[in-house]
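Subject: Structure for you, with notes on its pockets

Dear colleague,

I am passing on the structure we spoke about, and below it you will find notes on the pockets. Please read them with the model open beside you.

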Amino acid sequence: MSVFIKSFYHKFFPTRQLLIRQNGEVKHVVLASWFQLLVALLIFVTFAWMSVSSFRVYMQTGKISDIEQSRIDTQTLWQKKADEQQRLHSKQLEQLAILEQKQVLLQSMIESLPASISKDSIKLDDELESPISEDNNDFHEPLIGSESENKHANLITPITFAARSANLEKQYEQDFALLSHEIDKRHNVILTMLKGAGLESALEQHLTLDTQKTAQGGPLDIFDETKIPSNFLAIVDKLLVLNNLENFLTELPNTLPLANSKYYVSSSFGLRKDPMNSHHAFHKGIDLAGWHKTEIFAPADAVVLRAGRNGGYGNFIELEHKNGLVTRFGHLNKIKVKKGQLITKNDVIGLMGSTGRSTGTHLHYEVLLNGKQVNPLKITKALSRVR
């Protein structure tokens, strides 16, 4: 065996001689076979060590790259989920804004209902009084794998939020539908009364004057109508029309100008026999008989057009109300107002007497609509049914 080895390295690593010239001298160096073999082994071992080390470094680098890629993938997934949750959050905030606008509108309408409609018939649901609030952070599920998972474990899920939103939407639909029904019912009652009393032209005049009003104002506080369904806004418009009608009613002479227990109707409106000569005649008002010096009240807000003597009327007062209505009062014992004076409903304007063309103590009372006499009893009876 040793002979083979010696033969091997003598064959591949034969003894070599090196001549080295230095400082003018020539040196003779002999490289033995075993020395060459040792150097070759050292080179081989060094190369092998470097190869193994390089491979190990390569493997470690690959593992680090895999870990880094895994971290990047995890972060990307988290960001994707975060973006999805943010979109869901934004969508739910938008839904919440719509719900809040509906609730504010509903509450405003309830507060704006006329006294003729009972507010007890419209009740806010408990959940409507405490809607889902942005401050409660109850819009979305926690991000999976994030530290907030445990912290927000009890938050409302999208399914729960959708269910609550649907319940609120249903409740709003019911409440607005009920409002619409009550408004329509009251509106129809008023219109039927006005038609029966022959006051359609007064209403038309009122609506025309209402559009010309300029003495209005106040801080701007509007609703975001982009978040309110058009059918809800239509109900709002109906309420505005109804309130306008209610205001119109307050401007009408809707009561007789005497206390209920202090008069009786002694002569009605229309054809009759004249009390002085028994001829057929048309009575343009009604006669209300009572005690001497019974107080006469203004049946509605007005301005005094005339106050003084007026032929057969005797002591006479003429009041101008809104919407083309005028009232006249004759045979007074005493006049307590002056021409041009502004008076309010139920102010005392005079005392009952028997001046002028009269057979006894009474009040001659007329109502004119756009210059034409109408039956005062017809108006007061019709208006009394819608109070």
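The second largest pocket, in what is a predicted model, has a volume of about 300 Å³. Its lining is made up of 13 residues, and those that lie nearest the centre of this pocket are Leu105, Phe223, Glu225, Val236 and Leu240. Two helices, α2 (33–112) and α7 (230–250), each supply at least two residues of that lining, and the largest share, six residues, comes from α7. Sorted by character, the lining residues of the second largest pocket comprise eight that are nonpolar, three that are polar and two that are charged.

Turning to the largest pocket, the space within it comes to about 380 Å³. There are 22 residues lining this pocket, and Arg272, His283, His331, Arg357 and His364 are the closest to its centre. Here strands contribute to the lining: β3 (264–267), β5 (280–283), β6 (286–289) and β13 (362–369) each provide at least two residues, with β13 giving the most, namely three residues. The lining of the largest pocket divides into 10 polar, six nonpolar and six charged residues.

When you go through the model, it may help to begin with α7, from which the largest share of the lining of the second largest pocket comes, and then to move to β13, which gives the most to the lining of the largest pocket.

With best wishes

Definitions and conventions:
Residues numbered from 1 in each chain as written. Predicted model: local features only at pLDDT ≥ 70, side-chain atom pairs only at ≥ 80, totals over all residues. Heavy atoms only, no water. 1 Å grid on protein atoms, 1.4 Å probe; cavity = no way out; pocket = protein on both sides within 12 Å on 5 of 7 lines; lining within 4 Å. Points joined across faces, edges and corners; volume = space filled by probe spheres on them. Helix = DSSP H or I, 4+ residues; strand = E, 2+ residues; numbered from the N terminus. Nonpolar A, V, L, I, M, F, W, Y, C, P; charged D, E, K, R; others polar.
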